[in-house]
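Reader: I'm new to this one, could you walk me through it?
Author: Gladly; here is the structure itself, to keep beside us as we talk.

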Amino acid sequence: MDTAPRRRGPSRLLLYGAAVATGLVLALGIDVARSGGPGGWLARHRLPPPYVASGHRFDIGGRALYLDCRGDGSPTVILEAGSGSDSGAWTAVHDELSTTTRTCAYDRSGRGRSDPGPVHTLAEAATALRTLLATAGEPGPFIVVGHSLGGAFGRVFTATHRDEVVGLVLVDAFNPDLQETRIHPLLGALREEYSATLDGLRAHVAAVDSLDWATSEIQLRGASVAGLPVEVLVAPRYEPRLDEATNAAIADAWHAAFESLSPGRVTQTTAWGAGHDIQIDRPDLVISSARRLVDLAR
């Protein structure tokens, strides 16, 4: 009688698992291809591509800030991230835009690879950014692209260095001055709720980004960008507790508010299919807006 142990082949469960895994990989590959490649697939699923840090830290006087500049050409595009974010927030935009012109992302004080600093204002941050660019040997002219709170930084930087900035892109920007004066009066019974939410956002950016926000908002209200081309990207919004007519009036009020920043020179685009992070959900719109301003400057 043969008592030698018999070799068993792979179990049915193991074979089934391998088949499922192979199928999933193939399905993923097809989905990525249909999305136009890895970048498109990530954008479609609202995921940022991995950031590959290729920049450097530069001393601006007692502390160092991180700057990542890529590509060649003028004007130079400056990418301003939102609250609590850094240069990595622009990975879906940075490389593609740098095929058109010099494009720089940076980490503000206390963010990413930059040293922390004291509580500061938007104007002081604008001075720090200009010092960083000069130290790194990055000359103007500049186009500033600001997302969320980065839009407020961008507006103040643009107004402060008006002789060097040739265009501004606001990507679903934080504009409490416009919201409070133009939108809140239209909200009726919801006005108090929205005012409280806005005050909460003011407190949030002050804490997270070490900002003297009271002084910063005064600076923001006085920051004129009139005469410059401005591209505005906004995520679609609708307040279901208000009627159609009021929602339409709010949309018109936002349009007029943005137009007031630079009358006759503002292009507004609704980023359909995107949430607040338009640079991740619809990077194509951010790239197109910046490229239009580059073409104008050239």
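Author: What follows goes from the whole chain to one helix, and then to the spaces inside the fold.

Reader: Okay, how many helices and strands are there in the chain?
Author: This is a predicted model, and the chain in it has 11 helices and eight strands. Of its 298 residues, 45% count as buried.

Reader: And among contacts between residues at least 6 apart in sequence, what share join residues at least 24 apart?
Author: That share is 75%.

Reader: Let's pick a helix. How many residues does α9 have, and how far does it reach?
Author: Helix α9 covers residues 244-261, which is 18 residues, and from its first C-alpha to its last it reaches 27 Å, close to the 26 Å expected at 1.5 Å a residue.

Reader: Which of the residues in α9 are buried?
Author: In α9 the buried residues are Asn-247, Ile-250, Ala-253, Ala-257, Phe-258 and Leu-261. They lie on the same side of α9 because they cover an arc of only 130° around the axis.

Reader: Why would residues that aren't next to each other point the same way?
Author: An α-helix has 3.6 residues a turn, so residues three or four places apart point the same way.

Reader: What does the face turned away from the buried side of α9 carry?
Author: That face carries the exposed residues Glu-244, Ala-245 and Asp-252.

Reader: And what covers the buried residues of α9?
Author: The cover includes two helices, α5 (149-160) and α6 (176-183), together with the strands β6 (165-171), β7 (230-234) and β8 (266-270).

Reader: Switching to pockets, what volume does the largest pocket have?
Author: The largest pocket has a volume of about 1100 Å³. It is lined by 36 residues, and the closest to its centre are Asp-172, Ala-235, Arg-237, Ile-250 and Trp-254.

Reader: Which element gives the largest share of that lining?
Author: Helix α9 does, with eight residues. The elements that give two or more residues to the lining are α6, α7 (191-208), α9 and β8. Ile-250 therefore appears twice in our talk, as one of the buried residues of α9 and, by the pocket, as one of the residues closest to the centre.Reader: How does the lining of the largest pocket divide by class?
Author: The lining divides into 19 nonpolar, 12 polar and five charged residues.

Reader: Last topic: how many cavities of 30 Å³ or more does the structure hold?
Author: The structure holds one cavity of that kind, and the largest cavity has a volume of about 100 Å³. Its lining includes Arg-63, Tyr-106, His-120, Phe-153 and Asp-209, and by class that lining has five nonpolar, two polar and four charged residues.

How values were computed: Residues numbered from 1 in each chain as written. Predicted model: local features only at pLDDT ≥ 70, side-chain atom pairs only at ≥ 80, totals over all residues. Heavy atoms only, no water. Helix = DSSP H or I, 4+ residues; strand = E, 2+ residues; numbered from the N terminus. Expected span 1.5 Å × (residues − 1). Buried < 20%, exposed > 50% of the residue type's maximum accessible area, 1.4 Å probe, protein only. Arc of directions from axis to C-beta. Contact = heavy atoms within 4.5 Å. 1 Å grid on protein atoms, 1.4 Å probe; cavity = no way out; pocket = protein on both sides within 12 Å on 5 of 7 lines; lining within 4 Å. Points joined across faces, edges and corners; volume = space filled by probe spheres on them. Nonpolar A, V, L, I, M, F, W, Y, C, P; charged D, E, K, R; others polar.
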